[in-house]
Amino acid sequence: MVINEEDANRHGARQALPVHRTATPSPAVPTKLMQVIQGAASWYGPGFYGRRTASGERLRKGTLTAAHRTLPFGTRVRVTNLENGRSVVVRINDRGPFSRHRVIDLAHGAASELRMMRSGEIPVRLEIMKTTK
């Protein structure tokens, strides 16, 4: 909870607590972990902006989407950068990667959240989630 200084003085609070944000927002609906995979990830971006993905939507800058060879479109996957511990939840909307040793290709937005832009390829853990309703 964040409170402003005026409210703090009125209610006798001494100090507002800091807000901690992570790269991974809480999912809106409950999820169940289905599978965990480790491997290499790469990213794609500027040269592909505006092109259609395999699911038919256009690739836009900053999207938290990814390409996977077999997962159904719309599947949510938590991707964790094993070099720095950062994670992001992406939605599968494309097919790839086409390099056999990679397990996922991330759109530019997801790659930025994981801080992998300079390395180009990083070791990752994928947590494939199933939405429960």
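Confidence in this predicted model varies along the chain, being lowest in helix 1 (residues 5–11), with a mean pLDDT of 42, and highest in strand 3, at 97. Over residues 1–26 the pLDDT stays under 50, and the model has 14 contacts beyond four places in sequence for this stretch. Where pLDDT is low, the predicted coordinates should not be read in detail. For the protein as a whole, the mean pLDDT is 81, and 74% of the residues reach 70 or more.

With that in mind, the overall layout can be described. The protein contains two helices and six strands, and reading along the sequence gives the order α-β-β-β-β-β-α-β. Of the 133 residues, 35% are buried. The accessible surface comes to about 8,600 Å², and carbon and sulfur atoms account for 50% of that area. Contacts between parts of the chain that lie far apart in sequence are well represented: among contacts between residues at least 6 apart, 72% join residues at least 24 apart.

Strand 4 is a good place to start looking at how the strands are arranged. This strand is largely enclosed by the rest of the structure, because seven of its eight residues are buried. Strand 4 runs parallel to strand 2, and three bridges join the two. Strand 3 also pairs with strand 4, but in the antiparallel sense and over five bridges. Strands 3 and 4 form a hairpin with five residues between them, and in this hairpin glycine 85 takes a positive phi near 80°.

Arginine 91 in strand 4 helps to tie this picture together. Threonine 65 stands opposite arginine 91, and arginine 76 also stands opposite arginine 91. Arginine 91 counts as partly exposed because its relative accessibility is 23%, a value above the 20% under which a residue is called buried.

Two buried residues show what surrounds a position inside the fold. The first to consider is alanine 66, which belongs to strand 2 (residues 65–67). Alanine 66 has 0% relative accessibility and therefore counts as buried. Which residues does alanine 66 contact, leaving aside its neighbours within four places in sequence? The list consists of Tyr44, Val90, Arg91, Ile92, Asn93, Asp94, Ile104, Asp105, Leu106 and Ala107. In addition, the C-alpha atoms of alanine 66 and tryptophan 43 are separated by 8.4 Å, with the two residues 23 apart along the chain.

Asparagine 81 is the other example, and its place is in strand 3 (residues 76–81). At 1% relative accessibility, asparagine 81 is counted as buried. Not counting residues up to four places away in sequence, asparagine 81 touches Arg86, Leu114, Arg115, Ile122, Pro123 and Val124.

Attention now turns to charged side chains. Side chains of opposite charge can pair when their charged atoms come close. How many salt bridges does a search of the whole structure find? The search finds three. In one of them, arginine 91 pairs with glutamate 57, and the closest N and O atoms are 3.0 Å apart. This pair links distant parts of the chain, since arginine 91 is in strand 4 (residues 87–94) and glutamate 57 is in the loop between strand 1 (31–44) and strand 2, 34 residues apart. Glutamate 57 counts as partly exposed because its relative accessibility is 29%.

Another salt bridge joins arginine 102 to glutamate 121, with the closest N and O atoms 2.7 Å apart. Here too the pair links distant parts of the chain: arginine 102 is in strand 5 (residues 102–107) and glutamate 121 is in strand 6 (residues 121–131), 19 residues apart. Arginine 102 is partly exposed, at 23% relative accessibility, and glutamate 121 is partly exposed, at 30%.

The remaining salt bridge is formed by arginine 125 and glutamate 127, whose closest N and O atoms are 3.9 Å apart. Is each partner of this pair buried or partly exposed? Arginine 125 has a relative accessible area of 27% and so is partly exposed, whereas glutamate 127, with a relative accessible area of 16%, is buried.

Terms used:
Residues numbered from 1 in each chain as written. Heavy atoms only, no water. Helix = DSSP H or I, 4+ residues; strand = E, 2+ residues; numbered from the N terminus. Buried < 20%, exposed > 50% of the residue type's maximum accessible area, 1.4 Å probe, protein only. Contact = heavy atoms within 4.5 Å. Salt bridge = Lys/Arg side-chain N within 4 Å of Asp/Glu carboxyl O. Areas by Shrake-Rupley, 256 points an atom, 1.4 Å probe, with all protein chains shown as cover. pLDDT = per-residue confidence, 0-100. Pairing = 2+ DSSP bridges.
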